[in-house]
Structure formats: C-alpha cells, structure tokens
Amino acid sequence: MTDLLTVRGLSAGYDGTTVLDGVDFTVPAGGVVALLGRNGVGKTTFVHTIMGMIKPYAGSILIGDRELAGAPAHVVARNGVAIVPQGRRVFAPLTVEENLRIAAGRKPGRWTPERIYDLMPRLAERRTNRGDQLSGGEQQMLAIGRALLRDPRLLLLDEPSDGLAPAIIDQVAELLEGLRGEGIAAVLVEQDLHLAFRLADDVAVMQKGRIVHRGPLTDFRADRDRAHKLLGVG
Ligand SMILES: Nc1ncnc2c1ncn2[C@@H]1O[C@H](COP(=O)(O)OP(=O)(O)OP(=O)(O)O)[C@@H](O)[C@H]1O
Ligand SMILES: [Mg+2]
C-alpha cells in the first residue's frame with residue numbers, strides 16, 4: 001500500500017533543545033498507526049511538528065509526495081491533515097453549534113455539521129450547550145467533529161481517551177471504528193492500550209524522541225513481555 005505520511009529523520013524541540021531525535025514514521029493511506037510511549041517522550045511534539053505548529057530542525061514530512069516540513073499549519077491543513085489536540089481544546093464560551101460552524105468554514109465539503117450530528121447524536125442533543133457545559137466525552141466528540149469538518153485525509157489524534165471513563169472510551173472507539181470506512185488515515189497517540197488495540201493496524205513505540213519499535217498490532221499484542229519492556233506497563 002502507498003504511504004500517505006512519510007516522515008524521515010525528523011528532529012525538533014523547543015528553543016534549541018532536542019525532543020525529537022531523528023524520527024522515521026509512516027502511515028499508509030487509510031491506515032491507522034498507534035503511537036505509544038510514556039509521558040514526556042515526545043508524542044505531542046511529534047504530532048505538533050507534523051501539523052506545522054512546531055518548525056523542525058531537520059528532516060522530511062511528506063503527505064503523498066508533497067514536502068511539508070517547516071510549512072505553516074494552515075498549509076498543512078490545506079493538504080488534508082487535521083489534529084484532535086491533547087486536552088481537546090474546544091472553545092469553552094462557544095456552543096457546540098458555533099464550534100462546528102467555525103470549523104466548517106464557508107466552502108461546503110464532504111463533511112457538514114448535519115453529518116457530524118448524524119454520526120454523534122449526543123452532540124445534536126447538546127447543540128446549544130457551551131463548550132464548558134459538556135462532559136469530557138462530549139468535548140472529545142466535538143473535537144473529533146471539528147477535525148472532520150476540515151475534511152482530512154490524515155487525522156492526528158493526541159490521546160483521545162485521556163481522562164475519560166471506560167464506558168466513554170468505548171463510545172469514542174465506536175465512533176473512530178465507524179470512520180475506518182471513510183478511508184481516513186490516522187496517527188493515534190495513546191498511553192492507554194485499550195483504544196490502540198481496538199483501532200490500530202500497526203503499533204509504533206517512542207522512547208526519548210525516537211521510534212524504538214514498529215510492527216503489526218497482532219505481533220505487538222502477542223508478545224506481552226516486549227510490550228511491557230517498551231512501555232513499562234502490563
Ligand atoms: N512548549 C514547550 N516548551 C518547552 N518544552 C516543552 C514544551 N512542550 C513539551 N516540552 C518538553 O518536551 C518533552 C516532550 O513533551 P511532549 O509533550 O511531546 O511529550 P508526550 O510524549 O506528548 O507526553 P504526554 O504523554 O505526557 O502527553 C518533555 O520533556 C516536555 O517537557
Ligand atoms: Mg502528549
């Protein structure tokens with residue numbers, strides 16, 4: 001399968017410090033790759049660098065055959081990349097409806113607020129609630145809906161299960177499973193293995209700004225000892 005995202009030798013950090021230290025990473029078109037790793041290893045820095053929110057020191061970020069390393073976020077977005085940020089970051093004073101209308105912009109695309117409401121009836125019920133009047137799970141759905149309205153080919157999901165109760169994580173998993181049929185590729189950053197195990201085709205593990213493991217989910221699941229060593233969890 002051809003790769004939609006190809007990252008080679010990516011180095012980046014903050015004010016001269018190195019966080020990402022030569023990252024190689026690929027996502028096939030329509031595929032889901034889980035990026036696992038402990039706190040502070042550089043997962044968020046990685047997705048922010050892909051999104052153009054951080055300028056890399058070195059390396060290449062290809063979407064298809066388009067080089068986007070160092071391009072600003074709006075250019076990366078125009079090339080079909082959208083982020084669901086860690087901590088969700090919905091606009092608290094705006095309603096669900098307003099959050100979605102802003103994301104939808106003016107040109108009608110494949111996704112519309114109505115289609116998001118069909119997909120997430122819960123949001124339809126809450127459409128006049130403000131961002132800060134939503135539960136954590138509802139905020140996560142809104143953040144995903146907002147990203148979809150940008151009509152992405154590649155979705156960067158930064159710990160979508162963070163802070164959610166298991167039953168709500170299941171709802172988010174169902175929603176993301178439903179999206180698989182849409183042909184949207186995803187980088188799924190997670191510390192919680194539950195969501196990654198349900199959704200990913202491949203697993204990559206990051207340690208100290210490097211990818212130290214990459215392979216099919218089935219292999220990763222089968223070797224509990226290795227998973228434990230890589231992540232420090234059972
Ligand atoms: N804005 C920033 N300015 C300076 N250093 C930062 C900034 N954001 C993150 N860092 C540092 O970069 C390193 C990697 O952080 P990052 O947020 O990418 O890790 P992470 O893997 O996403 O962690 P977590 O699982 O806790 O979200 C950490 O040492 C962190 O302290
Ligand atoms: Mg993070």
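A polar contact is a pair of N or O atoms within 3.5 Å, and with that cut-off in mind the tour of this predicted model can begin at its ligand.

**First stop: ligand 1**

Select ligand 1 together with Asn39, where a polar side-chain atom of the residue lies 2.7 Å from an oxygen atom of the ligand. Then add Thr44, which also brings a polar side-chain atom to an oxygen atom of ligand 1, here at 2.8 Å, and Val41, whose approach is made by a backbone N or O atom, 3.2 Å from an oxygen atom of the ligand. Taken on its own, ligand 1 has 640 Å² of accessible area, and the protein covers 57% of that. If you now widen the selection to the 13 residues around ligand 1, you will find that Asn39, Gly40, Lys43, Thr44 and Thr45 come nearest, while colouring the shell by residue class shows three nonpolar, seven polar and three charged members.

**Second stop: the nonpolar cores**

In soluble globular proteins, nonpolar side chains tend to be buried together. Here, the largest nonpolar core has 48 residues, and the ones to select are Leu36, Ile144, Leu155 and Phe220, which touch the most other members. Centre the view on Leu36 and, setting aside neighbours within four places in sequence, look for its contacts, among them Lys43, Glu190, Val205, Phe220 and Leu231. A second core, separate from this one, holds 32 residues, including Leu35, Val41, Ala71 and Val81; Val41 is the residue already met beside ligand 1.

**Third stop: two loops with positive phi**

Go next to the loop between strand 7 (154-158) and helix 7 (166-179), where Glu159 is placed. Although Glu159 is not a glycine, its phi is positive, at about 50 degrees. Is Glu159 buried or exposed? With a relative accessible area of 7%, Glu159 is buried, because buried means under 20%.

Now move to Lys208, in the loop between strand 9 (202-207) and strand 10 (210-216). Lys208 is likewise a residue other than glycine with a positive phi, near 45 degrees, but its relative accessibility is 73%, so Lys208 counts as exposed.

**Last stop: Asp21**

From Lys208, step across to Asp21, a residue of strand 2 (residues 20-28) that has Lys208 among its contacts, along with Leu10, Ser11, Gly209 and Arg210, when neighbours within four places in sequence are left aside. Show the side chains of Asp21 and Arg210 to see the polar contact between them, at 3.1 Å. Asp21 is partly exposed, with a relative accessible area of 32%. To finish, draw a distance from the C-alpha atom of Asp21 to that of Gly42, which is 21 residues away along the chain, and the separation is 9.4 Å.

Conventions: Residues are numbered from 1 along each chain as its sequence is written. Chains are lettered from A and ligands numbered from 1 in the order in which they are written. This is a predicted model: local features need pLDDT of at least 70, side-chain atom pairs count only at pLDDT 80 or more; totals for chains, interfaces and linings use all residues. Side-chain values use heavy atoms; hydrogens and water are left out. A residue is near a molecule or strand if one of its heavy atoms lies within 4 Å of it. A polar contact is a pair of N or O atoms within 3.5 Å; within protein, one must be able to donate a hydrogen and the other to accept it, and residues adjacent in sequence count only if both atoms are side-chain atoms. Accessible areas come from the Shrake-Rupley method with a 1.4 Å probe; for residues, only the protein chains shown count as cover. Ala, Val, Leu, Ile, Met, Phe, Trp, Tyr, Cys and Pro count as nonpolar, Asp, Glu, Lys and Arg as charged, and the others, Gly among them, as polar. A nonpolar core is a set of buried Ala, Val, Leu, Ile, Met, Phe, Trp, Tyr and Cys residues joined through side-chain atoms within 4.5 Å. Buried means under 20% relative accessible area, exposed over 50%, partly exposed in between (1.4 Å probe, protein chains only). Contact means heavy atoms within 4.5 Å. Helices (H or I, at least four residues) and strands (E, at least two) are DSSP runs, numbered from the N terminus.
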